[in-house]
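Student: Could you take me through the second largest cavity in this one, and then through what surrounds the packing and the cysteines? I'd like a close look rather than a tour.

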Amino acid sequence: MLEISKEVSKEASDGRDADLRKVGAHPDHWYPVAWSRDIKPDKTFATSFAGEPIVLVRPKTGDLFALEDRCAHRQVPLSKGVVMDCTVRCCYHGWRYDASGQCVDVPYLGKGKLPNGVRSYPCHEVDGVIFIWPGKMPAAKPPEVLGSASDQSYKTRQLGKMVRCHYTFMHENLMDMNHQFLHRRTTGRVTPRYLGRRAAENWMEVDYTFSRPDQKPPIGESLIVGSLRGESHASGDLMTIRTEYPHQSLRFWTSGDVPVLHVWLGYTPVDAEQRHNRTFILLSVQRPKIPGILELAWPLLAWFTNRVFTEDCEIVEMEQSAHDSQGTDWNQEVFPPIQDLRKLLAECGQPIVQAG
């Protein structure tokens, strides 16, 4: 059976030279690396991008900044140090660095003998998420809004965690709504219907509608879309999922021009091999006309969305495990939108450079 599987995989991969799971996230983009709540005033926070250690520093006065998380002296993490005014001081010998990464003080040297500093990263904070630009300079314009998180007509929750898989599995999982069988115990019987797709340079999006044969949606889903309804209303539903490299979004309409659900998602590789990503999700639900009802229902909605997210995380981690044991990508993708998505991700990314 093993030889048959290999042969099938070889035929399926004709015309696709690169293993998508060995394509790295391109650094010339803004990537989320922390929630704003993670970093208190006068504190540091250790994070990373594709194996590059990064420290975020939030002075009590002055702007948040990001540096390479190592002291130029003995290479120990600056995230173990202390914040002093608008600088960070290494915990070992007290070398001090400003927001540009320049070493501005070595306690036992004169000012004219200061050594070189460390790399600094452009840093941006919006809608409760902290981004860094890990690529070449100059940095592109940072995102001004994330979905509908800043829109007061929506209530937004933050969720996400470290997921043990390559970031491309996350893109595929969200865009391919044909996997609803996975969520059958949480969402019940759902029949997605693919409507079409659009694409241009660096982005693509897919439309779906849904039906529920002989069944009403679970209450958690009803809280999101706004009302309990049966199959007769499903024909008016529209979901659009978009990958605008390197991030994703999902919008869901039940009627009219305003989505009742707007989700923004970011996936940041954390290790050098990019087999782990930290997922950031902003899930925004349109506020109903009845004041306070969404707040009362929020704990149940959180439970429902957490459970769906957990099921997705478990399955993509299984995909990563299969890839690792097989040593390459044996997937036989048959759904045209996902074939297009894989091509987009391969073209926008860059090969992962293995450490020598």
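Tutor: Sure. Going round the wall of the second largest cavity, you meet Ala-25, Tyr-31, Tyr-167, His-171, Tyr-245, Pro-246 and Tyr-267. Bear in mind that this is a predicted model. Sorted by type, that lining comes to 6 nonpolar residues and 1 polar one, with no charged residue. The space they enclose has a volume of about 30 Å³, and the search of the whole structure, which took cavities of 30 Å³ or more, turned up 2.

Now for the packing. The largest nonpolar core has 56 residues, and the members touching the most others are Leu-56, Ile-132, Ile-241 and Leu-261. Helix α5, residues 293-326, is the top contributor to this core, giving 6 residues. Another core lies apart from it, with 14 residues that include Phe-65, Leu-78, Val-83 and Trp-95.

On to the cysteines. The disulfide count is 0. Take Cys-91: the closest cysteine sulfur belongs to Cys-90 and sits 4.8 Å away, so the pair is too far apart for a bond, given that a disulfide needs sulfur atoms within 2.5 Å. Cys-313 is in no disulfide either, as its nearest cysteine sulfur, in Cys-165, is 7.6 Å off. The surroundings of these two cysteines are worth setting side by side: Cys-91 is partly exposed, at 48% relative accessible area, whereas Cys-313 is buried, at 1%.

Definitions and conventions:
Residues numbered from 1 in each chain as written. Predicted model: local features only at pLDDT ≥ 70, side-chain atom pairs only at ≥ 80, totals over all residues. Heavy atoms only, no water. 1 Å grid on protein atoms, 1.4 Å probe; cavity = no way out; pocket = protein on both sides within 12 Å on 5 of 7 lines; lining within 4 Å. Points joined across faces, edges and corners; volume = space filled by probe spheres on them. Nonpolar A, V, L, I, M, F, W, Y, C, P; charged D, E, K, R; others polar. Core = buried A, V, L, I, M, F, W, Y, C linked by side-chain atoms within 4.5 Å. Buried < 20%, exposed > 50% of the residue type's maximum accessible area, 1.4 Å probe, protein only. Helix = DSSP H or I, 4+ residues; strand = E, 2+ residues; numbered from the N terminus.
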